[in-house]
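Me: I am new to reading protein models and would like a close look at one part of this one. Please start from a single loop and walk me outward from there, step by step.

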Amino acid sequence: MKNFGFQRKESAFCCNLFFTILSLVLMVGGLLTGCGQNNAPSALAADTASQNTSATSESYSMELFAMDTVMTLTAYGDSAQAAIEVSAAEIQRLEQLFSTNLEDSDIARLNQDKQAQLPDEAISVLQKAVQLYQDTNGAFDITLYPIIKAWGFTTENYRIPTSEELQQFLQHTGIDCITLDVDIGMVQLTDAQTEIDLGGIVKGYASDRVIQQMASYGVQSAVISLGGNVQTLGTKPDGSLWRVGIQDPDAPDECIGVVETANQAVITSGPYQRYFIGEDGTRYHHIIDPQKGVPAESGLSSVTIVSDSGILADGLSTALFVMGAERALQYWQQRRADFDTILITNDRQIIITAGLADCFQSEYDYYVFGE
Ligand code: AMP
Ligand code: MG
């Protein structure tokens, strides 16, 4: 691997401790999607010892299926149940607004009609997506939807589009195909072939909203997993940090490390989360390189973002995966106040950025980038 100025950390992590955590992970794996479930996204709350699936005087948990994935919400305290019920309704509301799977969602209608008057909330999510496109030099691009459909990721009728087809599609992508009039809440897709898909950020936005809802109900301690994308509110009820397991991209039933955190989102993108195998044995996954229209091959096998903001963490996990390690670390140097990252390369090198140096643990050696 190219040396970007890493500090190598020999694992000081006690193996026994790791396996203790791993057993906890496996114990709760069925409850909070993550290591232990095939094809599940890659982070989970690894250490939520007092969780349960029903109400107790201290905690309340709910599992639901929305946005094409399993979600688990757990909150502690007197208002836990009310906060979770309102959060579940909030998730359904957001799905109705943003999901391209639902024919009558606001975004599906925009794709069909090419223009729509949208609520302020949708406009601000679209603004965020546009900003991410600009900030990441187009690595995060919500206009790839026709390409994602052509590969069959929306229907699971998988196929490999021809390069001529992809070249055609690529003429109708890019942020110039979207016009936002923020003042009147109007969005236009200026190219008749353009369609958008917020799949790269919507779960992160939803987790921000759920955490806000819970806080507004007076909840001080909560952990949610939206398809493996974890976000936490406060600390655990006993005041200790949440422990979020990071899936091993080569063995998604196992964890490659643990992040200790409070009040943050821990969101991972990786090719193992959604893919198909072609006739020649090649794996084709769902994170698309916007330059080429094909699954991004950037030398990374997963990217985790740790941030105060769920929407940013979600958008950047997708974007940094497309960028590859070198560009991703350069990007982090410019934006290090906003997030930290864990990059795992195809040859199983683990690189964490400096902000995680004191809160990442692994049984494997890893590199710390930055100071
Ligand atoms: P994530 O799991 O957050 O990495 O998001 C992946 C999803 O985002 C895919 O299933 C697509 O719906 C969409 N997507 C794929 N490639 C990109 C990209 N380069 N930029 C933005 N969204 C993308
Ligand atoms: Mg994402």
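Reply: Let's begin with tyrosine 217, whose place is in the loop between H7 and E8. One thing to keep in mind from the start is that this is a predicted model. Tyrosine 217 has a relative accessible area of 36%, so it counts as partly exposed. Now look for alanine 82 in the sequence: tyrosine 217 and alanine 82 are 135 residues apart there, yet their C-alpha atoms are 7.7 Å apart in space.

From this loop you can go two ways. Let's try strand E8, which covers residues 221-226 and contains serine 221. Is serine 221 buried or exposed? Its relative accessibility is 7%, and because buried means under 20%, serine 221 counts as buried. The side chain of serine 221 also has a partner, since it reaches the backbone oxygen of threonine 235 at 2.7 Å.

Now go the other way, into helix H7, which spans residues 202-216 and holds arginine 209. Arginine 209 forms a salt bridge with glutamate 90, and the closest N and O atoms of the two are 2.7 Å apart. Why is this pair worth a second look? Glutamate 90 lies in helix H2 while arginine 209 lies in helix H7, so their salt bridge ties together parts that are 119 residues apart in sequence.

Glutamate 90 has another salt bridge as well, this one with the side chain of arginine 93, at 2.9 Å from N to O. Here the partners are much easier to find on the sequence: both are in helix H2 (residues 80-98), three residues apart, which means about one helical turn separates them. The two differ in how covered they are. Glutamate 90, at 6% relative accessibility, counts as buried, whereas arginine 93, at 36%, counts as partly exposed. Put these contacts into a wider picture and you find a network of salt bridges that links Glu90, Arg93, Glu121 and Arg209.

How many salt bridges does the structure hold? There are 12. One of them joins arginine 274 to aspartate 68, with the closest N and O atoms 3.2 Å apart. This pair connects distant parts of the chain, 206 residues apart: arginine 274 is in the loop between strands E12 (265-269) and E13 (275-277), and aspartate 68 is in the loop between strands E3 (59-66) and E4 (69-76). Both partners are partly exposed, arginine 274 with a relative accessible area of 30% and aspartate 68 with 38%.

Let's move on to the bound molecules. The magnesium ion (ligand 2) is coordinated at 2.1 to 2.5 Å by Gly200 (O), Asp314 (O), Asp314 (OD) and Thr318 (OG1). Notice that Asp314 appears twice in that list, once through O and once through OD. Along the sequence, the spacing of the donor residues is G-x113-D-x3-T. The last two donor residues share helix H8 (residues 310-323), where aspartate 314 and threonine 318 are four residues apart, or about one turn of the helix. Aspartate 314 is buried, with a relative accessible area of 5%, and threonine 318 also counts as buried, at 17%.

Those two residues come up again around ligand 1. Of the 17 residues that surround it, the closest are Asp197, Ser269, Ile288, Asp314 and Thr318. H8 gives the most to this shell, with three residues. Sorted by class, the shell has eight nonpolar, six polar and three charged residues. Several contacts can be picked out by distance. An oxygen atom of ligand 1 is 2.5 Å from an N or O atom in the side chain of aspartate 197, and an oxygen atom of ligand 1 is 3.1 Å from an N or O atom in the side chain of histidine 286. On the nitrogen side, an atom of ligand 1 is 2.9 Å from a polar backbone atom of isoleucine 288. Taken alone, ligand 1 exposes 500 Å², and the protein buries 91% of that.

One last stop is glutamine 361, in strand E20 (residues 360-361). With a relative accessible area of 19%, glutamine 361 counts as buried, because the cut-off is under 20%. Its side chain makes a polar contact with the side chain of arginine 243, at 2.7 Å.

Terms used: Residues are numbered from 1 along each chain as its sequence is written. Chains are lettered from A and ligands numbered from 1 in the order in which they are written. This is a predicted model: local features need pLDDT of at least 70, side-chain atom pairs count only at pLDDT 80 or more; totals for chains, interfaces and linings use all residues. Side-chain values use heavy atoms; hydrogens and water are left out. A salt bridge is a side-chain nitrogen of Lys or Arg within 4 Å of a carboxyl oxygen of Asp or Glu. Buried means under 20% relative accessible area, exposed over 50%, partly exposed in between (1.4 Å probe, protein chains only). Donors are N, O and S atoms within 2.8 Å of the metal (3.2 Å for Na, K and Ca); water is not among the atoms, so sites may look incomplete. A residue is near a molecule or strand if one of its heavy atoms lies within 4 Å of it. A polar contact is a pair of N or O atoms within 3.5 Å; within protein, one must be able to donate a hydrogen and the other to accept it, and residues adjacent in sequence count only if both atoms are side-chain atoms. Accessible areas come from the Shrake-Rupley method with a 1.4 Å probe; for residues, only the protein chains shown count as cover. Ala, Val, Leu, Ile, Met, Phe, Trp, Tyr, Cys and Pro count as nonpolar, Asp, Glu, Lys and Arg as charged, and the others, Gly among them, as polar.
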